[in-house]
Amino acid sequence: MTQETLAGMLNVTPQAVSKWEKGSYPDGDLLPQIAKALDVSLDVLFGLRAEEEIDPAEFAAEAIQALPEEERAAYCMNLFYAVLSAFSNIQSSELKIPDKLLRETYAQLKTDQVLALARLNESMQYFCFLRVPEDGLNSYAQITDRLLQFFRMLSRREVLQILYFFGATDHNHLWSKKQIAKHLGLSDRVTEEVLGELDRMGAIWELKVDSEGGSVYGYTHSVPLEALLVLATSFINYLQYVDPNIDKWDHGAFKMPGFPG
């Protein structure tokens with residue numbers, strides 16, 4: 001900050017600021033304004049305490065809140081990319097997503113404590129960060145009948161069609177079986193069967209509207225489900241180009257009895 005900038009913020013002359021730097025003191029009623037302009041406490045300004053350390057989380061939160069809504073996503077993606085890249089020896093000046101990527105590009109991180117993946121292309125950007133538990137990912141992501149049922153359900157084209165249909169609708173918009181079947185060109189039987197599966201799994205919810213069994217359906221707008229569909233697409237594509245690919249691990253993210261690590 002130049003003397004002129006600070007002077008303008010305090011409504012004094014640059015010569016006054018210059019005198020303070022050479023040993024004179026400002027008027028007492030200016031001290032709170034100076035502390036605010038320099039973003040320090042009065043104790044720090046008077047030299048009674050060392051300059052306060054910046055809390056990175058607090059700094060990032062304030063920076064995001066200061067941005068217009070439409071600029072926050074780009075800021076967050078660059079922040080996440082810098083976090084991932086910082087696990088390597090990449091220079092801080094390079095911790096920025098490259099411009100105009102010509103091919104599908106990912107950044108990947110694997111250590112014994114962290115798994116992270118980011119897709120960098122503007123057409124679809126995301127950042128996924130997993131903190132690996134000491135007893136492995138499978139301590140949470142266990143093989144259960146319900147998990148197997150879920151993946152069997154997702155293997156059906158009609159299920160994905162209905163999920164994408166719901167995902168494209170407005171917030172809290174309700175649809176009948178007939179409307180869904182007509183929009184997607186599905187039979188009433190298949191539509192009813194799929195809606196039942198999705199309802200039991202918790203991806204949609206049913207609201208009965210009359211005593212004769214008439215129902216309408218709404219979508220839960222589940223972030224994990226929608227993220228899973230994006231990650232699944234990445235899984236079948238992501239080996240095309242990974243940069244940076246940070247590999248600093250000794251054992252796998254899953255733990256099994258009797259295995260080393």
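**Exercise 1. Find which residues Thr169 touches, leaving out those up to four places away in sequence, and work out whether Thr169 is buried or exposed.**

Solution. This is a predicted model, so treat each step as a reading of computed coordinates.

- Start with position: Thr169 sits in the loop between α8 (157–167) and β4 (175–176).
- Now look for neighbours. With residues up to four places away in sequence set aside, Thr169 touches Trp175 and His221.
- Closer along the chain, check the backbone: the Thr169 side chain reaches the backbone oxygen of Phe166 at 2.6 Å.
- Finish with accessibility. Buried means under 20% relative accessible area. Thr169 comes in at 14%, so it counts as buried.

**Exercise 2. Take His221 and Asp39, and work out what is unusual about the phi of His221 and of Asp39.**

Solution. Begin with the background rule.

- Most residues other than glycine have a negative phi.
- His221 isn't a glycine, yet its phi is positive, about 50°. You'll find His221 in the loop between β6 (215–219) and α11 (223–237).
- Asp39 isn't a glycine either, and its phi is positive too, about 60°. Its place is the loop between α3 (31–38) and α4 (42–45).
- Now add accessibility. His221 has 28% relative accessibility, so it counts as partly exposed. Asp39 has a relative accessible area of 68%, which means it is exposed.

**Exercise 3. Walk along strand β7 (residues 242–248) and pick out the cis peptide bond and the polar contact of the Asp247 side chain.**

Solution. Again, one rule first.

- Most peptide bonds are trans.
- The bond joining Asp243 and Pro244 is cis, with omega about 0°. Pro244 belongs to strand β7.
- Further on in β7 is Asp247. Its side chain makes a polar contact with the side chain of Trp249, at 3.1 Å.
- For a long-range check, compare Asp247 with Leu130: they are 117 residues apart in sequence and 15 Å apart in space, C-alpha to C-alpha.

**Exercise 4. Compare the radius of gyration of the protein with that of a compact globule of 261 residues.**

Solution. Step back to the whole chain.

- A compact globule of 261 residues would have a radius of gyration near 18 Å, but here you get 27 Å.
- Along the principal axes, the C-alpha atoms fill a box of roughly 85 × 55 × 40 Å.
- Buried residues make up 31% of the 261.
- Of the contacts between residues at least 6 apart in sequence, 46% join residues at least 24 apart.
- The secondary structure behind these numbers comes to eleven helices and seven strands.

Technical notes
Residues are numbered from 1 along each chain as its sequence is written. This is a predicted model: local features need pLDDT of at least 70, side-chain atom pairs count only at pLDDT 80 or more; totals for chains, interfaces and linings use all residues. Side-chain values use heavy atoms; hydrogens and water are left out. Helices (H or I, at least four residues) and strands (E, at least two) are DSSP runs, numbered from the N terminus. A polar contact is a pair of N or O atoms within 3.5 Å; within protein, one must be able to donate a hydrogen and the other to accept it, and residues adjacent in sequence count only if both atoms are side-chain atoms. The radius of gyration is taken over C-alpha atoms; the globule rule is 2.2 Å times the number of residues to the power 0.38. Buried means under 20% relative accessible area, exposed over 50%, partly exposed in between (1.4 Å probe, protein chains only). Contact means heavy atoms within 4.5 Å.
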